[in-house]
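Please walk through the aromatic pairs and a surface patch of the model shown here.

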Amino acid sequence: MSDKFQEGQVLEGKVTGIQPYGAFVALDEKVQGLVHISEVTHGYVKDINEHLTEGDEVQVKILNIDEQSNKYSLSIRATQEAPKQEQRRPRKQAPKQQQEEASAGFNTLKDKLEDWIKQSDDREKFRK
């Protein structure tokens with residue numbers, strides 16, 4: 001176990017291997033850690049190979065050190081500024097006329113009930 005590395009520390013490393021789930025980064029000659037695919041960059045990463053290649057020099061932050069298994073969890077994303085999110089504008093309400101036209105094909109049971117009663121009465125009169 002290396003005493004020179006601590007959780008929260010930011011340092012340079014070299015990508016030594018890439019797997020579908022993340023990239024291995026060497027911190028020095030003896031210590032390497034894993035940057036999970038979710039920690040590569042802000043946003044969704046479908047293919048890690050679009051962001052990293054073996055031999056890349058990257059800045060990483062040590063997220064966690066498991067001393068028993070000597071595993072280092074690293075993050076590239078934590079060293080980058082988060083992108084600003086666009087403010088969403090509230091949806092515009094459709095004008096009342098458009099809402100009425102959109103619902104013109106659909107009637108409530110209450111509206112249809114009066115028509116059905118009238119039709120039924122007309123049929124009864126016709127049968128007599």
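Is Phe24 buried, partly exposed or exposed? In this predicted model, Phe24 has a relative accessible area of 25%, so the residue is partly exposed. The partly exposed class lies between under 20%, which is buried, and over 50%, which is exposed.

The aromatic rings come next. A pair of aromatic rings is described by the distance of the centres and the angle of the planes. The count comes to two aromatic pairs. In one of them, the ring centres of Phe5 and Tyr72 are 6.1 Å apart and the planes stand at 85 degrees, so this pair is edge-to-face, given that angles over 60 degrees fall in that class. Phe5 belongs to the segment before strand 1 (10-19), while Tyr72 is in strand 5 (residues 71-75). With these positions 67 residues apart, the pair links distant parts of the chain. Phe5 counts as buried because its relative accessibility is 9%, and Tyr72, at 3%, also counts as buried.

Tyr21 and Phe24 form an aromatic pair as well, again edge-to-face, with 6.4 Å from centre to centre and 90 degrees between the planes. Tyr21 has a relative accessibility of 41% and therefore counts as partly exposed; Phe24, at 25%, is partly exposed too.

The last stop is on the surface. There, Leu109, Leu113, Trp116 and Ile117 form a nonpolar patch, and together they have about 430 Å² of accessible area. One of these residues, Leu113, is found in helix 2 (residues 109-127). The relative accessible area of Leu113 is 45%, so Leu113 is partly exposed. A patch member needs over 30% relative accessible area.

Terms used. Residues numbered from 1 in each chain as written. Predicted model: local features only at pLDDT ≥ 70, side-chain atom pairs only at ≥ 80, totals over all residues. Heavy atoms only, no water. Patch = residues over 30% accessible without salt bridge, like charges linked within 9 Å, V, L, I, M, F, W, Y side chains within 5 Å. Areas by Shrake-Rupley, 256 points an atom, 1.4 Å probe, with all protein chains shown as cover. Salt bridge = Lys/Arg side-chain N within 4 Å of Asp/Glu carboxyl O. Helix = DSSP H or I, 4+ residues; strand = E, 2+ residues; numbered from the N terminus. Buried < 20%, exposed > 50% of the residue type's maximum accessible area, 1.4 Å probe, protein only. Phe/Tyr/Trp six-rings, centres within 6.5 Å; stacked < 30°, edge-to-face > 60°.
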